[in-house]
Amino acid sequence: MDVDKEAVLQRTRLAADESDKYQNEFKIGRRTYTRQYNKLYYQRLNTLKPHVHEHARRKWESQKQQQIKWTQRVLNVEGPEPTYIIGTIFIDTTTKPSTLEQVEKTHWIASPEVPETYRGEDEEVHLEDESGRIQLVGTAIDTATIASGVVAAAMGSETPDGKFEVIDLCFAGMAPQPARAVDGTQDKYVALVSGLNATVEKPVTLEMQLLSEYLCGNVGGPTDQLRSSQIVHTIVAGITHIPEPPLGHTEDPKANDRVPVQGLVAAVDAFLADIAAAMPLTLMPGSRDPADVALPQQPLHPGMFAQCRAYSGFRSTTNPAYVEVDGTLLLGTSGQNVDDLKHYAVHGESPCQLAARSLLWRHIAPSAPDTLWCYPFTQYDPFIVRRLPHVYFVGNQPAFDVVVAKGTDAQETHTIAVPAFSTSHTVVLLNLRTLESSTVHIGAPED
């Protein structure tokens with residue numbers, strides 16, 4: 001593409017900013033932690049069971065050779081006759097972390113290392129519903145990448161010792177997808193960044209400064225500046241601040257000095273404000289930000305962003321979060337849900353592959369609350385995918401990757417792994433016209 005070096009570039013603007021259209025999707029009102037989690041599992045099973053049943057009915061009951069019938073309660077399975085049952089998967093193994101260990105971690109106390117996998121030879125996989133649970137066995141279950149909390153249908157038969165030998169599995173499938181209004185006349189981009197990892201010692205690194213300059217169109221050649229002018233929205237997906245050392249957990253009064261942390265917050269606020277002055281900016285909390293540990297993480301406190309709040313396009317939102325940009329629906333997380341799913345993988349699946357698989361489960365955080373902390377919802381499960389996004393991005397991953405997840409009803413979602421910026425110095429650019437993703441490396445001269 002030839003670019004006129006003398007031309008004055010104007011940043012592409014959207015006719016309307018609808019990025020906050022779904023801002024309340026994951027917000028929690030008055031919070032109370034005195035509830036049990038059984039109601040969350042109940043809501044999840046009751047919501048997803050009809051969808052699982054429909055997919056299982058199409059897959060197994062329509063077979064000409066042998067029609068497989070549904071046994072509606074797992075405890076009613078009897079005899080060797082093939083059947084299928086529906087329930088919530090629970091994986092019991094000694095390698096899974098305990099709740100106590102997770103509490104220790106949230107209080108900044110040294111805790112045992114998280115094992116590489118939660119699966120193992122000693123595991124027992126169960127399928128639960130309102131009537132009880134039954135143990136699942138067989139090669140099909142041993143080799144399946146599944147997680148605790150996934151609602152599934154298992155087809156097989158009862159063994160002589162009262163277990164259920166699985167031949168095949170079926171899930172809820174991808175949710176309905178809204179139509180996308182595509183502007184085919186102009187390229188527009190969303191910049192996806194995660195893992196800035198700003199610290200007290202290095203609140204704004206040189207690479208972060210260059211990132212801000214690039215997004216604002218102040219560095220690079222004519223082609224780079226043209227691309228920068230087409231960026232209409234920036235999303236920062238978690239781990240922006242790392243306020244270490246932690247406050248309030250040491251007897252050393254110097255470690256409780258809040259002045260350095262206040263300097264960190266002010267520096268990051270100024271850095272983000274430069275970007276917010278140029279375009280709409282959405283900020284999500286992450287695992288090490290000063291925010292709730294349990295998902296969904298609530299927006300970072302507005303008091304941290306005195307300069308950013310001066311710009312109407314700045315949004316401090318939840319994690320996970322839906323963001324709609326120019327008719328394209330994006331769903332994003334800061335990575336904790338997929339990081340936990342990695343421990344359930346049995347075939348070395350990439351983070352992007354696991355994220356795409358969770359869309360087929362119709363649930364982006366099935367391992368919550370078993371091995372992933374979440375709020376004890378009682379009326380609904382917000383992590384169920386009720387509207388399928390066109391793009392699903394996961395932040396703070398080791399490397400950039402893209403997987404296109406496809407459903408049985410022509411649904412298609414581009415799943416993107418966004419690498420941590422502090423180690424990769426990479427920003428992902430999503431083309432809203434084509435939904436193709438590319439990366440830009442932001443580096444110092446010696447990088």
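Helix α4 is followed by G217, whose phi is positive, near 80°. This and all other values come from a predicted model. Within α4, the buried residues are E207, M208, L211, S212, Y214 and L215. Viewed down the helix axis, these buried residues fall within an arc of 165°, so they line one face of α4. An α-helix has 3.6 residues a turn, so residues three or four places apart point the same way.

Helix α4 spans residues 206-215 and lies across four strands, β7 (189-193), β8 (231-237), β16 and β17. Its direction makes about 155° with that of β8. Helix α5 (residues 222-229) also packs on the sheet. Helix α5 touches β7, β8, β16 and β17, and runs at about 80° to β8.

The sheet itself is open and has six strands. Their order is β10-β9-β8-β7-β16-β17, and the pairing is mixed. Strands β10 (314-316) and β17 (437-441) stand at the edges. Each has a single partner strand, so one side of each is left without a neighbour in the sheet. From one strand to the next, the twist averages 20°. Strands of a sheet pair through backbone hydrogen bonds, either parallel or antiparallel. Strand β16 (residues 426-431) and β17 run antiparallel, joined by five bridges. In this pair, V427 of β16 stands opposite V440 in β17.

A second antiparallel pair is formed by β11 and β12 (residues 328-333), again over five bridges. Here E324 stands opposite L329 in β12. The two strands form a hairpin with two residues between them. D326 lies in the turn and has a positive phi of about 55°. At 25% relative accessibility, D326 counts as partly exposed. Strand β11 (residues 321-325) is mostly covered, with five of its five residues buried. In a regular strand the side chains alternate between the two faces of the sheet. In β11, A321, V323 and V325 point one way, while Y322 and E324 point the other way.

A positive phi in a residue other than glycine also occurs at N396, with a value near 60°. N396 lies in strand β13. At 13% relative accessibility, N396 counts as buried.

Two cis peptide bonds are described next. One joins L295 and P296, with omega about -5°. P296 is in the loop between β9 (281-284) and β10. Another joins A368 and P369, with omega about 10°. P369 is in the loop between α8 and β13 (391-397).

In soluble globular proteins, nonpolar side chains tend to be buried together. The largest nonpolar core in this model has 53 residues. Among its members, L136 and I146 touch the most others. Helix α8 (residues 351-361) provides the largest share of this core, five residues. Beyond its neighbours within four places in sequence, L136 is in contact with V125, H126, L127, I141, A154, F164 and V166. A second, separate core has 34 residues, including A198, F271, A276 and V440. V440 is thus part of this core, and V440 in β17 is also the residue opposite V427.

Finally, the cysteines were examined. A search of the whole structure finds zero disulfides. C170 has 7% relative accessibility and counts as buried. C352 is also buried, with a relative accessible area of 1%.

Technical notes:
Residues numbered from 1 in each chain as written. Predicted model: local features only at pLDDT ≥ 70, side-chain atom pairs only at ≥ 80, totals over all residues. Heavy atoms only, no water. Disulfide = S-S within 2.5 Å. Buried < 20%, exposed > 50% of the residue type's maximum accessible area, 1.4 Å probe, protein only. Pairing = 2+ DSSP bridges. Axes fitted to C-alpha atoms, helices over the stretch in contact; angles between N-to-C directions. Contact = heavy atoms within 4.5 Å. Core = buried A, V, L, I, M, F, W, Y, C linked by side-chain atoms within 4.5 Å. Arc of directions from axis to C-beta.
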